[in-house]
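Colleague: Could you take me through one part of this fold slowly, as if I were new to it? I'd like to hear about the sheet and whatever sits around it.

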Amino acid sequence: MSGEQFALPDAVAALRQVRRQPPDGAWLALSALDPLNLVGTVVAGAKVPRQLGARVLWRDGVPVATLVAGQVEWLQAPAPDEEPHARQVLLREPEFALPGLLAGLGVAPAA
C-alpha cells in the first residue's frame, strides 16, 4: 500500500467520523484506476485490473459489482428492484451517476 503517508492529520478524525455513521445504502462507482480500488488487495475478492474503463461499484463500504472489459460481474446480487439503478450507476449513465456519487460523498445534489 502506498499513499497513506501523505494523508493530512485531520484525515484520521474524518475517517473515524464516517465509520460511526449508519449505512445509508448509497451506491458509489469508482474507477479501477482510483487508489481506493482495494478489491483483491485489502478487500477480499478477485483483483480488479487498474485499466481505463474498469470500475467497482460499492455500497456501504462493500464492493457489490465490477465492470471489466465491458462485462458486469456481481459480487453480491442486489435486490431485483435495485439492480437497474445499481447497473446505471456502475455504467455511469448520466441521470444516475452524479447523484450516486454525491450521495456517496454525503453531499445533497442541487435542487
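**A close look at the sheet**

Modeller: Let's begin with one pair: Trp-27 stands opposite Arg-59 in S2. Before going on, bear in mind that this is a predicted model, where local features need pLDDT of at least 70, side-chain atom pairs count only at pLDDT 80 or more, and totals for chains, interfaces and linings use all residues. Residues are numbered from 1 along each chain as its sequence is written, and side-chain values use heavy atoms, with hydrogens and water left out.

Strands here (E, at least two residues) and helices (H or I, at least four) are DSSP runs, numbered from the N terminus. S1 (residues 27–31) and S2 (residues 55–59) run antiparallel, joined by five bridges; strands count as paired if DSSP finds at least two bridges between them. Four of the five residues in S1 are buried, meaning under 20% relative accessible area with a 1.4 Å probe, protein chains only (exposed is over 50%, partly exposed in between).

Now the whole sheet: it is open, with four strands in the order S1-S2-S3-S4 and antiparallel pairing. S1 and S4 (71–74) are the edges, each pairing on one side only. S3 (residues 62–68) is held to S4 by four bridges, and Val-68 has Gln-71 in S4 as its bridge partner.

Also in S3 is Thr-66, which is buried, with a relative accessible area of 6%. Beyond its neighbours within four places in sequence, Thr-66 is in contact with residues including Val-48, Arg-55, Val-72 and Leu-90, where contact means heavy atoms within 4.5 Å.
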